[in-house]
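This report concerns side-chain contacts and surface features in a predicted model. The salt bridges are treated before the remaining contacts.

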Amino acid sequence: MKVGVIGTGNMGENHVRTYLSMHDHCQLVGIYDNDEKKGHQIAEKYKVKQFQSINELLKSVDAVSVAVPTEFHYDIGLICIQHEVHMLMEKPITSTVVQAKDLLHKAKKARVKIQVGHIELFNPLIQVLTNELENEDIIGIAFHRMSPYDERIKHVDVVKDLMIHDLYILQELLKDKITEFYALGKIIENTPKHAVVITRSSQGVTAQLTASFKSKRKVRTIRILTEKAFIEADILKKEIKITRSIEDASNTLGTLTQHIQIDNSIQPLSVQLLDFLNCIKFETEPSVSGEDGIKALMITNEISEAISSIKA
């Protein structure tokens, strides 16, 4: 299968590098970036072809990864549909729900597949965590996803860039929908840069999500309280700790903590891209569909609007 990458920023470069490592499954034909200098740097670094127009690239491939700023997702998606090229669209799917629904409608008519880049769902740690929770009654969950400030994210909304990951992880863990939420945050440079959200699911599980661009170090943690256990997951350290109550022969209560180290060799992006290629090859539905992308976009938009309205 012939593939390409549109957009060669940090995430786009990751896609280029990963596709090149998947030569048994696909051929990376080339890249396109409207920033010719940046595109040239990546083309030289990885010895791949730099296309001078998006149409030229799309005439040469079966599928692409779209890793450009969100405001360009809709327009580029429409061009991909015109060329009948399948796409993995980095999150969020588009800027607005109206755009997303229109893009999805036109893609279905053209028989073009859209998979949304919800990469954490392909993280082995999240898959192990999901399995561990199968027989647990969840009481509450707390997510912390924080990063140091960088000029590159000056106009980026922390809810749509960071918190969106934990929102779709939350829905994956609960297999339930959010029925209500309360959001607070700090607006900097006209966009939320620090956000705290408390949610409640239809089954009564509460969750607290914190996302921030104002941390002094990178943090990616999930803590889950169940009726029988306390579970701590650190995505960066790739480890899960599960603490349970135990009773010894003398009926004395104590605790036992189990440590699970996740295989470091499995890269979520490789798993995600292989899943994308397979859904095209075998003509199946993407694991993370356009509808899934719309659900995530709807809740992030609602949260961002709630935080912005408090400022006003």
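K175 has a relative accessible area of 57%, and because this value is over 50%, the residue counts as exposed. Its side chain meets that of E172 in a salt bridge, with an N to O distance of 3.5 Å. E172 is partly exposed, at 30% relative accessible area.

In this predicted model, the count of salt bridges comes to 10. Three of the pairs are listed below.

| Salt bridge | N to O distance |
|---|---|
| R145 and D166 | 3.0 Å |
| E172 and K175 | 3.5 Å |
| R223 and E232 | 4.0 Å |

In the pair formed by R223 and E232, R223 is partly exposed at 38% relative accessibility, and E232 is likewise partly exposed at 23%.

R145 and D166, by contrast, are both buried. Their salt bridge, at 3.0 Å, links distant parts of the chain: R145 lies in strand β7 (residues 138-146) and D166 in helix α7 (residues 158-174), 21 residues apart. The two residues also belong to a network of salt bridges that includes E120.

Contacts involving aromatic rings were examined as well. A search of the whole structure finds 0 aromatic pairs. The ring of Y149, however, has the charged end of K214 over it, 5.3 Å from the ring centre.

On the surface, a nonpolar patch is formed by Y182, L184, I198 and I310, which together have about 400 Å² of accessible area. I310 belongs to helix α9 (residues 290-311) and is partly exposed, with a relative accessible area of 47%.

Terms used:
Residues numbered from 1 in each chain as written. Predicted model: local features only at pLDDT ≥ 70, side-chain atom pairs only at ≥ 80, totals over all residues. Heavy atoms only, no water. Patch = residues over 30% accessible without salt bridge, like charges linked within 9 Å, V, L, I, M, F, W, Y side chains within 5 Å. Areas by Shrake-Rupley, 256 points an atom, 1.4 Å probe, with all protein chains shown as cover. Helix = DSSP H or I, 4+ residues; strand = E, 2+ residues; numbered from the N terminus. Buried < 20%, exposed > 50% of the residue type's maximum accessible area, 1.4 Å probe, protein only. Phe/Tyr/Trp six-rings, centres within 6.5 Å; stacked < 30°, edge-to-face > 60°. Lys NZ or Arg CZ within 6 Å of the ring centre and 35° of its normal.
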